[in-house]
Amino acid sequence: GERGAERVVRVEFANSNVVHYQGEEGAERVVREEYPDGNVQYYEGERDAEKAVRTEFADDTVHYYEGEKGAERCVRVVPGASEDKAAAEKRYKAMRVAELRSECERLG
C-alpha cells in the first residue's frame, strides 16, 4: 500500500508455512495458509475470529468444516484421486470419534 497505509498481505515463516491476508491496514485477516507438504487451509471471518472452513490436501482430498474459531469440526470429506470413498469415510468416522472423545473430556 501507500506509505502510511501499508498492510500485511503475506507472511513466510521459517517452517516454510505461508500465510495470506486480506483487509485494510489494521484489519488484516487470515484467508489462507499454505504448508510445505502441499496442504492448504482456508479461513473465513473477521480479524481474530477467522475460522477454518476448508482444507485441500496434496492428494486432492478436501475436508469441509463448520463451527466458530477454535471449535471447527469436519462435516464433509471429498476423497481425492488417490483415495477411494470407503477409505475417506473410515478416516472421517475416526476423526469424528476423536472429536467426540475430546469434547467429552472437556465437559468432564
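## Hairpin of S4 and S5

Strands S4 and S5 form a hairpin with 6 residues between them, and in its turn Gly45 has a positive phi of about 120°. This description, like those that follow, refers to a predicted model. The two strands, S4 and S5 (residues 51-56), pair in the antiparallel sense over 5 bridges. Within this pairing, Glu44 stands opposite Lys51 in S5, while Tyr42 stands opposite Arg54 of that strand.

How many of the residues of S4 are buried? Strand S4, which spans residues 40-44, is mostly covered, since 4 of its 5 residues count as buried, with the term standing for under 20% relative accessible area.

## Hairpin of S3 and S4

On its other pairing, S4 is joined to strand S3 (residues 29-34), again in the antiparallel sense, over 3 bridges. Here Glu33 is the residue that stands opposite Gln41 in S4. The hairpin made by S3 and S4 has 5 residues between the strands, and Gly38 takes a positive phi near 100° in it.

## Hairpin of S5 and S6

Strand S5 also pairs with strand S6 (residues 62-66), the two running antiparallel and being joined by 3 bridges. Arg54 takes part here as well, with Tyr64 as its bridge partner in S6, so that Arg54 has Tyr42 opposite it in one pairing and Tyr64 as partner in the other. Between S5 and S6 lie 5 residues of a hairpin, in whose turn Asp60 has a positive phi of about 75°.

## The largest pocket

Where there is empty space between the atoms can be shown by rolling a probe the size of a water molecule over them. The largest pocket holds about 220 Å³ of space. Its lining is made up of Gly70, Ala71, Glu72, Arg73, Arg96, Glu99, Leu100, Ser102, Glu103 and Arg106.

Which element gives the most to this lining? Helix H1, covering residues 85-107, does so with 6 residues. Sorted by class, the lining of the largest pocket comprises 6 charged residues, together with 2 nonpolar and 2 polar ones; among the residues that line the pocket are Glu72, Arg73, Arg96 and Glu99, and Asp, Glu, Lys and Arg are the types counted as charged.

Note on methods
Residues numbered from 1 in each chain as written. Predicted model: local features only at pLDDT ≥ 70, side-chain atom pairs only at ≥ 80, totals over all residues. Heavy atoms only, no water. 1 Å grid on protein atoms, 1.4 Å probe; cavity = no way out; pocket = protein on both sides within 12 Å on 5 of 7 lines; lining within 4 Å. Points joined across faces, edges and corners; volume = space filled by probe spheres on them. Buried < 20%, exposed > 50% of the residue type's maximum accessible area, 1.4 Å probe, protein only. Pairing = 2+ DSSP bridges.
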